[in-house]
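The exercises below are to be worked with the sequence and the structure at hand. Each one gives a task, followed by a solution in steps.

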Amino acid sequence: MSTPAADDATREHKRAPAVVHERRLHPVTPLRRAWAPVAVVIGWAVHDPGAAQHQLTRLTALTLLLGLTVLLVVGSLYGFLSWWFTHFAVTDAELRIRTGLLFRRTAHIRLERIQAVDVTQPLLARVAGVAKLKLDVIGTDKKDELSYLGEAEARRLRAELLARAAGFAPETAHEVGEAPARRLLWVPPRALVTSILLSGAPWGSLVAAAVVSPLLWLATHSLWTFLASALPLLGAAGASTAGRFVAEYDWTVSESPDGLRIDHGLLDRTHETVPPGRVQTVRVVEPLLWRRKGWVRVELDVAGSSNSVLVPVAPRAAAEDLIARVLPGVTVPARLDRPPRRSSWRVPVWWRGYGLAVTDTVFATRHGLLHRTVSLVPHAKVQSVRRSQGPWQRALRLADVHVDTGANKTVTARLRDAQEAEHLQWAQADRSRTGRKDARPDRWMD
């Protein structure tokens, strides 16, 4: 039989707050943060190179050496103190991050609002054996991050946060471990290189550099004008070829209970997760030169997340299989209806690239004649429906129907018959209400 003293002790134990164990980042983190004062000096020199050069000429070798020593000491001290005053802790309900050397900032991230936890490893971080943890949280545009953690610790913390977000009890979440994954698709490097070269973007920049820059040289006979026009165009060509290859190298899509996992990167490795239930729009992109090979690119709009590519290039059948896993029960419509022929007075030739299909699950539109894109919006993800008509459209009895999603994106069915557009607007509103009632929960692993 319990005594009053024992009951009071039990109540006091229940009211006692749980012990929160705060942790620090990896010890190599100060080396990264020590560059902040150096970056300030470099920024000043770039902003005013004349003054910087003038000050350097006035300094003696001893003064310059002392200045560099002081800068090194200040940078090291700043890196150490910023690391020392940064803590994080996982409580029963939130991830708490305390940062700031002079001005303190504490971020309270509710675990049930976490929708993606990504692990990224820049090249130097891979060498040092550390990783950066990035968190996508519902209702925030900017990602919170923990950089850097040991690679093994980052993966353990990621698994624990996902388990907590899925509803596992705090005392068992750290024992769940990372959910197993099954590989669904891998993009071979040869296919990636071929797709980049056939996309047309690098060739446009190279042709512009080969034509515009020589013309400017002939007109001005100025080397600086030639370089100012040629270098940005060559840089754009490099970014659209080498940059894409480096970023999308070894692209792998795997399936796990916490969503589709995406791993990619040649120098900087990125491990992302497509959160279940948070995908608002799927786009199937098909450049003209890819059609003979039957290749497509699949892009995503995810609410509150920066994930934008599901797969950079894949056969259409494999891509549609991935879409069915991201949006269960959704298939890409085989046929989309073109606008009325009279819309050619509004958009000559290119009107043939527009299309619309509404199925039981999605609102699908198409635009583009050469670079074709099909956008799929599940009915449950439609936030609002709008209809618009310009003066010319009213004269041609045409209208546009706009569908807004939770990712602050809009998908538009262009140049539809005015009566069809009015019916489509009200019917889509009804489909969206019904779809939200039947939609699956957005929580992890449900």
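The model is predicted.

**Exercise 1.** Classify D250 as buried, partly exposed or exposed, and describe its backbone.

Solution. Start with the accessibility: D250 has a relative accessibility of 25%. Buried means under 20% and exposed means over 50%, so D250 counts as partly exposed. Next, place the residue: D250 sits in the loop that runs between α11 (223–248) and β8 (252–256). Last, check the backbone: the phi of D250 is near 55°, which is positive although the residue is not glycine.

**Exercise 2.** Take V349 and S343, and decide for each whether it is buried or exposed.

Solution. Begin with location. V349 belongs to the loop between α12 (316–326) and β14 (355–358), and S343 is found in the loop between α12 and β14 as well. The relative accessible area of V349 is 52%; the cut-off for exposed is over 50%, so V349 is exposed. For S343 the relative accessible area is 0%, so S343 is buried. Then look at the surroundings of S343: leaving out residues up to four places away in sequence, S343 touches W351, L398 and L415. One backbone detail remains for V349, a residue other than glycine: its phi is positive, near 65°.

**Exercise 3.** Work out the strand order of the sheet that contains β1, β2 and β3, and explain why β1 and β3 each have one side without a neighbour in the sheet.

Solution. First, the order: the 3 strands make an open sheet, β1-β2-β3, with antiparallel pairing. Second, the edges: β1 (87–90) and β3 (105–110) each have a single partner strand, so one side of each lacks a neighbour in the sheet. Third, the twist: neighbouring strands here are turned by 10° against each other on average, direction ignored. Fourth, one pairing in detail: β2 (residues 94–99) pairs with β3 over 6 bridges in the antiparallel sense. Within that pairing, I97 has A107 of β3 as its bridge partner.

**Exercise 4.** Trace the sheet of 7 strands, then find the cis peptide bond that involves Y148.

Solution. The sheet is open and antiparallel, with the order β6-β5-β4-β10-β9-β8-β7. Its edge strands are β6 and β7 (182–186), each pairing on one side only. From one strand to the next, the twist averages 20°. At the β6 edge, β5 (residues 130–137) and β6 are joined by 6 bridges in the antiparallel sense, and K132 stands opposite S147 in β6. S147 leads to the second part of the task: the peptide bond between S147 and Y148 is cis, with omega about 10°. Y148 lies in β6, residues 144–150. To finish, turn to the helix on this sheet: α12 lies across β7, β8 and β9 (259–264), at about 140° to β7.

**Exercise 5.** Compare the span of α10 with the expected value, and list its buried residues.

Solution. Helix α10 (residues 201–220) contains 20 residues. From first C-alpha to last, α10 reaches 28 Å, close to the 28 Å expected at 1.5 Å a residue. The buried residues of α10 are P202, S205, A209 and S213. Their cover includes α9 (189–198) and α11. After α10 comes H221, with a positive phi near 55°.

Note on methods:
Residues numbered from 1 in each chain as written. Predicted model: local features only at pLDDT ≥ 70, side-chain atom pairs only at ≥ 80, totals over all residues. Heavy atoms only, no water. Pairing = 2+ DSSP bridges. Helix = DSSP H or I, 4+ residues; strand = E, 2+ residues; numbered from the N terminus. Axes fitted to C-alpha atoms, helices over the stretch in contact; angles between N-to-C directions. Buried < 20%, exposed > 50% of the residue type's maximum accessible area, 1.4 Å probe, protein only. Expected span 1.5 Å × (residues − 1). Contact = heavy atoms within 4.5 Å.
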